[in-house]
Amino acid sequence: MNREDIERLSAELAALKCKTQKEVEEARVRFLGKKGEITALFEEFRTVAPEFKKEFGRTLNELKQKAQARIEELKAAAEQSGPSEGPAQDLSMPGDDFPLGSRHPVSIVRQEIVDIFRKFGYDVAEGPEIEDDYHVFEALNFPPNHPARDMQDTFFVSAGHLNPLLLRTHTSSVQVRAMETMKLPIRVICPGRVFRNEAISARAHCIFHQVEGLYIDEHVTFADLKQAILLFAREMFGADTQIRMRPSFFPFTEPSAEVDVSCNICHGKGCNICKGTGWLEILGCGMVDPNVLEASGIDSKKYSGFAFGMGLERIAMLKWRVNDLRHYFENDLRFLHEFETATEV
Ligand code: DAH
């Protein structure tokens with residue numbers, strides 16, 4: 001045993017690097033274990049001549065302490081950098097697939113419509129699905145026992161008194177609530193779920209979705225309505241879309257119209273989607289009847305407005321050509337995943 005052995009071990013200890021706990025343990029065994037190099041020097045120490053014992057003894061003890069401290073230090077560092085057992089981590093490996101689901105086609109269409117009208121300066125309003133007769137019918141100019149109520153077969157929640165509760169049959173009820181609560185001028189769209197007592201088939205369902213629109217200000221005219229619908233149709237169905245208006249009847253608008261857009265599938269030539277006509281019906285609209293304005297306390301001499309309403313499933317059908325309404329409500333994952341990345345077709 002000589003000084004060089006001690007110096008070499010001391011230098012090796014200082015330069016020692018360990019990444020894992022396993023490597024630290026191996027180093028401890030190598031230096032301080034039963035058969036370790038430092039342990040071996042202690043064995044040899046017995047044979048050192050008595051006159052050198054004092055000095056060597058001190059140096060050897062210092063080396064052992066240094067080794068212990070160094071091993072502790074490496075152990076702490078390896079602990080911090082994570083567990084030592086198990087295979088090394090492959091950071092380039094793709095993560096676990098997390099089934100996120102996808103947006104429902106009706107939600108996609110609703111969002112598109114909301115985004116378009118937001119651009120035009122409309123706010124979004126919502127109302128209750130369980131409504132009273134007053135907001136669904138009475139305030140919208142459907143007098144009691146008026147035959148127009150039969151246009152919308154209603155689910156009643158409570159019957160028999162003056163203002164029964166029912167499931168709203170259209171989102172026009174939200175325009176009444178908007179007129180009651182919002183400051184004029186009003187520019188609002190109201191998306192929501194509606195209910196009608198219909199037998200379920202490919203073309204009818206007892207639950208569906210609508211978006212209602214309402215604009216009330218001074219001097220609003222039918223020309224404003226026409227322009228708003230045309231701009232909407234072009235944003236929704238493409239810049240070359242044409243619209244046409246057909247006279248119609250709704251108790252809450254006068255005059256009333258139904259709006260068709262040019263068929264974006266055959267571009268007016270006639271196909272089985274537009275039934276050979278070149279046109280697709282998308283919404284109902286009209287100038288808000290003065291009776292409706294007055295019922296909600298709006299001065300119909302000063303203010304006028306227009307309203308429109310459209311079915312979201314209908315728009316989704318035209319967009320993706322899914323022409324069985326039942327698909328929208330059955331939650332069949334094979335159907336829903338079709339729309340995973342869909343924004344437009
Ligand atoms: N509420 C009507 C329906 O469910 C749709 C509608 C037509 C809404 C004309 C309107 C409108 O605001 O002006 O059939």
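Author: Let's start with one cut-off: a residue counts as buried when its relative accessible area is under 20%. Keep in mind that we are looking at a predicted model.

Reader: Happy to. How many of the residues of helix α7 are buried?

Author: Seven of the 10 residues in α7 (residues 172–181) are buried, and the helix is mostly covered. Those buried residues are S172, S173, V174, Q175, V176, A178 and M179.

Reader: And what do the buried residues of α7 pack against?

Author: Their partners are both helices and strands: α6 and α9 (290–295), along with β2 (130–132), β4 (186–195), β5 (207–218) and β9.

Reader: Let me pick a residue in α6, then. Is V136 buried or exposed?

Author: V136, which sits in helix α6 (residues 133–136), is buried, with a relative accessible area of 0%. Setting aside neighbours within four places in sequence, V136 touches E131, F142, L166, R168, T169, H170 and S173. You met S173 a moment ago among the buried residues of α7.

Reader: Now a geometry check. What should the 16 residues of helix α8 span?

Author: The idea is to allow 1.5 Å a residue, which gives an expected 22 Å for α8 (residues 222–237); its end C-alpha atoms are 22 Å apart, so the two agree.

Reader: How should I read the pattern of buried positions along a helix like that?

Author: In general, an α-helix has 3.6 residues a turn, so residues three or four places apart point the same way. In α8, the buried residues are L225, A228, I229, L230, F232, A233, M236 and F237. Their cover includes the helices α5 (105–119) and α10 (312–320), and the strands β6 (243–250), β7 (253–262), β8 (279–288) and β9 (303–311).

Reader: Last topic: helix pairs. At what angle do α1 and α3 cross?

Author: Angles over 145 degrees count as roughly antiparallel. The axes of α1 (residues 3–15) and α3 (residues 37–45) come within 11 Å and cross at roughly 160°, so the two helices are roughly antiparallel. The crossing is left-handed. On the α1 side, D5, I6, R8, L9 and L13 meet E37, I38 and L41 of α3; by class, these are five nonpolar, no polar and three charged residues.

Reader: And how does α3 pack with α4?

Author: Here the angle is about 165°, with the axes 11 Å apart, which makes α3 roughly antiparallel to α4 (residues 50–80). α3 also passes α4 in a left-handed crossing. From α3, I38, L41, F42 and F45 meet a set in α4 that includes F56, L60, L63 and A67. The full contact has eight nonpolar, two polar and two charged residues.

Note on methods. Residues are numbered from 1 along each chain as its sequence is written. This is a predicted model: local features need pLDDT of at least 70, side-chain atom pairs count only at pLDDT 80 or more; totals for chains, interfaces and linings use all residues. Side-chain values use heavy atoms; hydrogens and water are left out. Axes are lines fitted to C-alpha atoms, for helices over the stretch in contact, and angles run from 0 to 180 degrees between N-to-C directions. Helices (H or I, at least four residues) and strands (E, at least two) are DSSP runs, numbered from the N terminus. Angles under 35 degrees count as roughly parallel, over 145 as roughly antiparallel, 65 to 115 as roughly perpendicular and the rest as oblique. A crossing is left-handed if the near helix is turned anticlockwise from the far one by less than a right angle, and right-handed if clockwise. Contact means heavy atoms within 4.5 Å. Ala, Val, Leu, Ile, Met, Phe, Trp, Tyr, Cys and Pro count as nonpolar, Asp, Glu, Lys and Arg as charged, and the others, Gly among them, as polar. The expected span of a helix is 1.5 Å times one less than its number of residues. Buried means under 20% relative accessible area, exposed over 50%, partly exposed in between (1.4 Å probe, protein chains only).
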